Amino acid sequence: MTQKKITITDVALQAGVSVTTVSLVLSGKGRISPATAERVHQTIDELGYVPNRQAATLRGGSSGVIGLIVNDICDPFYAEMTAGLSEAFEAQGKILFLTQSGRDGKGMQRCFDSLLAQGVEGVVLAGGADSLLGLKEKADEQGIPLVCAARSIGLEGVDLISPDNMLAAKMATEYLVKRGHRQIAYLGGHSSSLTRAERLGGFCAILLQYGLPFRSDWVIECDYQQRVVADATETLLSHQPNISAIICHNASVAIGAYFGVLRSGRTIGSKGVDTFLEQQVALIGFGDAPGAELTEPPLTLISSSAREVGHSAAGRLLQRIGGVSLQQQNIILTPRLIERGSA
C-alpha cells in the first residue's frame, strides 16, 4: 500500500497548533515561544514530515504570488473584481492565487492559514464580516500586508477599497423618480447583507426626499439565482400590480426580474406615469453582466465599479508589499449610470 504523505496540516493537528504556527516555526519568523517551537519540531520528527521546498522558497519573501479569499466566486461583483485584480497583478509580474471561503465565510480562517503557509506576498480579503477577526494579527506576525476589497465590510487597521453603495442606490432611485415612477420596489439580497442595508438606506433617502412612502412589503429578500428571482418577481407583481419599477440588488437579480416581469404578463418599459395603464415595469440594477445587454430592451444598470475596485486594491497592496509607508485608508469609488432602455 502507498503510504499517505504527511502534510503541514497533519503536523498542526498532531502538535495542537495552527497551520500558521507550523509555518512560522519552519520559516523562523514570528513570535513563537520556545516551548511551542520545540513541540512542533518534535512532531515533525515523529511524523517524518518533509517540508515543501518550493513553499519554503516562497516564504523567503519574493514568491510573486498574491492570495485572494472570496466568499463566493459566483457572485457577479466578486467575479468582476477578481478580473480587475488579476489584470493589475499580472501587469507587475505577480500571480493571483484564488481561494473560496464559502458563502457564509466559515472557511475564511482555513483559507488564510493555507495562503500564509504557501508564502504569499500579500492577501486581498473580499467579504467575510465576523470571520475576518484575528486575520490582521496573524498577517502582522509574518509581515504579510492585507487589503480589503469588498462592497461594504472592512477590517480595522486595514485598507478598504469599496464602491459607494448608498450613492448608487440614490442614483438608481432618483433616476426612476424623475421619470415619473412613484410605486418602486426593491428586490434581492439578504437581510444580513451590509451592502443591501447601505443600498436600502440610499433608496429610502430618495423616497423621503421626494415625499414618497416606504413600504416594507415592497422590499423583497431573495437569493440571486435567476429562477428564484423570476418567481419572486412574478409573485410580487401578482400581489402588488400597481408597482411600476423595480430596483434590483445586482445585475443577476435584474436579469431574473426581467423574466419574472414577462412571466407575469407585463412588459419591460420606461414610460413612468403611464406604465400602469400600459402594464410596463421599469428595471434598474447594480453591477454589470454580459446578459444585461441581450435583453430587449437592454437593462439599465448602476455600475458597482467592481473591476476598478480590483485595480485600486491591487495598486494599494503592491505599494505595501514594496514597503511604501501609508496611512490606513478607506477608498470609496463613485458609481456611474449605464443607461440603456429598461428604466
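## Helix packing, burial and aromatic pairs in a predicted model

Helix α6 is largely enclosed by the rest of the structure, because seven of its 10 residues are buried. The buried residues of α6 are Met 108, Cys 111, Phe 112, Asp 113, Leu 115, Leu 116 and Ala 117. The model described here is predicted. Its protein chain holds 12 helices and 13 strands. Of the 343 residues in the protein chain, 52% count as buried. Among contacts in the protein chain with a separation of 6 or more, 71% are accounted for by residues 24 or more positions apart.

**The surroundings of α6**

Gly 107 is located in the loop between β2 (95-100) and α6 (108-117). With a relative accessible area of 7%, Gly 107 is buried. Its C-alpha atom is separated by 9.9 Å from that of Val 70, although the two residues are 37 residues apart along the chain. On the other side of the helix, α6 is followed by Gly 119, which has a positive phi near 75°.

What is the angle at which α6 and helix α7 pack? For α6 and α7 (residues 135-142), the angle is about 5°, and the axes are 11 Å apart. This makes α6 roughly parallel to α7, because angles under 35 degrees count as roughly parallel. On the α6 side, the contact is made by Met 108, Gln 109, Phe 112, Asp 113 and Leu 116; on the α7 side, by Leu 135, Lys 138, Ala 139 and Gln 142. By class, the residues of this contact of α6 with α7 divide into five nonpolar, two polar and two charged. Met 108, Phe 112, Asp 113 and Leu 116 thus belong to the contact with α7 and are also among the buried residues of α6.

**Two oblique helix pairs**

The axes of helix α5 (residues 76-91) and helix α12 (residues 306-321) come within 7 Å and cross at roughly 45°. The two helices are therefore oblique to each other, and α5 passes α12 in a right-handed crossing. From α5, the contact involves Phe 77, Glu 80, Met 81, Ala 83, Gly 84, Leu 85, Glu 87, Ala 88 and Phe 89; from α12, it involves Ala 306, Arg 307, Val 309, Gly 310, His 311, Ala 313, Ala 314, Leu 317 and Leu 318. The contact of α5 with α12 has 12 nonpolar, three polar and three charged residues.

Helix α10 (residues 226-239) packs with helix α11 (residues 251-263) at an angle of about 45°, the axes being 7 Å apart. That angle makes α10 oblique to α11, and the crossing of α10 and α11 is right-handed. Gln 226, Val 229, Ala 230, Asp 231, Thr 233, Glu 234 and Leu 237 of α10 meet Ser 252, Val 253, Ile 255, Gly 256, Ala 257, Phe 259, Gly 260, Val 261 and Arg 263 of α11. By class, the contact of α10 with α11 has eight nonpolar, five polar and three charged residues.

**Lys 94 in the loop after α5**

Is Lys 94, in the loop between α5 and β2, buried or exposed? Lys 94 is buried, because its relative accessible area is 18% and the limit for burial is under 20%. Leaving aside neighbours within four places in sequence, Lys 94 is in contact with Gly 64, Ile 66, Phe 89, Glu 121 and Leu 318. Among these partners, Phe 89 of α5 and Leu 318 of α12 also take part in the contact between those two helices.

**Aromatic pairs**

The count of aromatic pairs comes to four. In one of them, the rings of Phe 77 and Tyr 78 have centres 5.0 Å apart and planes at 90°, so the pair is edge-to-face. The rings of Tyr 258 and Phe 259 are likewise edge-to-face, because their planes stand at 90°, with centres 5.2 Å apart. The accessibility of these four residues is tabulated below.

| Residue | Relative accessibility | Class |
|---|---|---|
| Phe 77 | 5% | buried |
| Tyr 78 | 8% | buried |
| Tyr 258 | 8% | buried |
| Phe 259 | 43% | partly exposed |

Phe 77 is one of the α5 residues in the contact with α12, and Phe 259 is one of the α11 residues in the contact with α10. Elsewhere, Tyr 186, Phe 203 and Phe 214 form one aromatic cluster.

Technical notes
Residues numbered from 1 in each chain as written. Predicted model: local features only at pLDDT ≥ 70, side-chain atom pairs only at ≥ 80, totals over all residues. Heavy atoms only, no water. Axes fitted to C-alpha atoms, helices over the stretch in contact; angles between N-to-C directions. Helix = DSSP H or I, 4+ residues; strand = E, 2+ residues; numbered from the N terminus. Parallel < 35°, antiparallel > 145°, perpendicular 65-115°, else oblique. Left-handed = near helix turned anticlockwise from the far one by under 90°. Contact = heavy atoms within 4.5 Å. Nonpolar A, V, L, I, M, F, W, Y, C, P; charged D, E, K, R; others polar. Phe/Tyr/Trp six-rings, centres within 6.5 Å; stacked < 30°, edge-to-face > 60°. Buried < 20%, exposed > 50% of the residue type's maximum accessible area, 1.4 Å probe, protein only.
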